[in-house]
Amino acid sequence: MRRITLSRYLIEEQREKGRINADLRLLIEVVARACKRIAIAIGKGGLGEGVLGDAGSDNVQGEAQKKLDVLSNEIFLEANEWGGHLAGMASEEMELPHAIPNRYPQGEYLLLFDPLDGSSNIDINVSVGTIFSVLKCPEGADPTREAAFLQPGSAQVAAGYAVYGPTTLLVLSVGDGVACFTLDRELGSFVLTREHLQIPPDTREFAINMSNQRHWEAPVQRYVGELLQGSGGPRGRDFNMRWVASMVADVHRILTRGGVFLYPLDARMGQQGGKLRLLYEANPMSFIVEQAGGSASTGRQRILDVRPAALHQRVPVILGSRNEVERIVAYHGER
Ligand code: AHG
Ligand code: MN
Ligand code: MN
């Protein structure tokens with residue numbers, strides 16, 4: 001069997017397909033290495049120093065940080081600073097973009113990331129992950145200011161996520177479909193285990209935090225209400241529900257066996273616009289989902305077309321199996 005490591009996959013994307021250049025290849029390799037370090041820290045759990053528990057601080061969005069949120073953010077910054085492939089970085093855990101120190105050369109890419117997704121699951125030993133997005137720094141833009149990062153998701157040149165679960169996985173797209181790599185823990189390398197992932201267009205499974213039901217808008221109330229009526233309702237069949245509360249795990253299930261994921265607008269959110277973050281969560285996941293033949297929408301607009309107004313902007317997210325997402329979008333139009 002031909003064993004294709006992440007390095008070899010990337011070399012082939014560069015040399016044979018001309019999809020990526022040497023800098024983007026290095027960037028993805030460095031991101032993968034940082035994910036390995038995070039996986040090792042998570043694997044230590046209660047045996048490690050400073051892995052489990054609260055950090056005792058809040059991030060820019062007023063959310064309590066876990067020790068692992070802070071540690072993962074530091075691992076990402078440190079790993080990506082010195083390679084010369086980046087112009088700048090932005091993270092869910094930092095108020096402002098992170099400048100590349102002067103002592104290192106600067107590259108043309110911008111890296112945006114959610115260093116630890118699913119924080120509420122860290123202490124209970126349930127899958128968490130890391131999400132990343134890569135943009136080009138616009139000509140003449142200052143990568144230390146947020147304006148350089150305010151590009152629509154359709155401008156992403158690569159995106160991916162790691163899942164730290166029973167196995168550590170890296171799911172990646174450089175705009176040439178979606179590939180999944182499994183970490184070989186003995187060798188310490190990511191090995192290609194699935195290629196050309198495709199989300200089935202139809203599904204009988206949905207993912208939403210039902211405890212927020214009373215706060216949803218009418219189109220989402222209608223959609224979920226119809227699913228819950230099962231075979232006796234308008235859909236004429238039963239639907240199953242799953243909610244891990246780690247977006248990486250919920251999206252990974254959808255990439256594996258289909259499904260639809262919703263984190264919709266909520267009456268309590270007011271001007272906030274949603275829960276999930278456009279630049280660190282919604283955009284990279286939507287890029288992956290579309291590359292796998294699925295759809296991603298706010299309910300009113302394709303997520304990848306949203307023009308960001310702020311670094312930490314939030315949006316409603318509805319993504320997964322194409323026909324279900326289209327139905328929910330249609331319900332929004334009928335209001
Ligand atoms: P993060 O840990 O990066 O803040 O993200 C958590 C997100 C996402 O992973 C998940 O889908 C959602 O929040 C869960 O929210 P609820 O706890 O409201 O269900
Ligand atoms: Mn997250
Ligand atoms: Mn996070």
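## Polar contacts of ligand 1

In this predicted model, an N or O atom in the side chain of arginine 277 lies 3.0 Å from an oxygen atom of ligand 1. Taken by itself, ligand 1 exposes 470 Å², and the protein buries 85% of that area.

Two other side chains also place polar atoms by the ligand. In asparagine 209, a polar side-chain atom is 2.8 Å from an oxygen atom of ligand 1. For aspartate 114, the distance between an N or O atom of the side chain and an oxygen atom of ligand 1 is 3.0 Å.

## The pocket and its secondary structure

Where does ligand 1 sit? Ligand 1 occupies the largest pocket. Three elements each give two or more residues to the shell around ligand 1: strand 5 (109-117), strand 13 (260-263) and strand 14 (276-277). Strand 5 contributes the most, with three residues.

## Make-up of the shell

There are 17 residues around ligand 1. Those that come nearest are Asp117, Ser119, Asn209, Met247 and Tyr263. Asn209 is also the residue with the 2.8 Å polar approach to a ligand oxygen atom.

Sorted by class, the shell consists of seven nonpolar, four polar and six charged residues. Both domain 1 (6-195) and domain 2 (205-333) supply residues to the shell, at least three from each.

How values were computed: Residues numbered from 1 in each chain as written. Chains lettered and ligands numbered in written order. Predicted model: local features only at pLDDT ≥ 70, side-chain atom pairs only at ≥ 80, totals over all residues. Heavy atoms only, no water. Near = heavy atom within 4 Å. Polar contact = N/O pair within 3.5 Å; in protein donor to acceptor, adjacent residues only side chain to side chain. Areas by Shrake-Rupley, 256 points an atom, 1.4 Å probe, with all protein chains shown as cover. 1 Å grid on protein atoms, 1.4 Å probe; cavity = no way out; pocket = protein on both sides within 12 Å on 5 of 7 lines; lining within 4 Å. Sits in = over half its atoms within 2 Å of the grid points. Helix = DSSP H or I, 4+ residues; strand = E, 2+ residues; numbered from the N terminus. Nonpolar A, V, L, I, M, F, W, Y, C, P; charged D, E, K, R; others polar. Domains from an automatic or database assignment.
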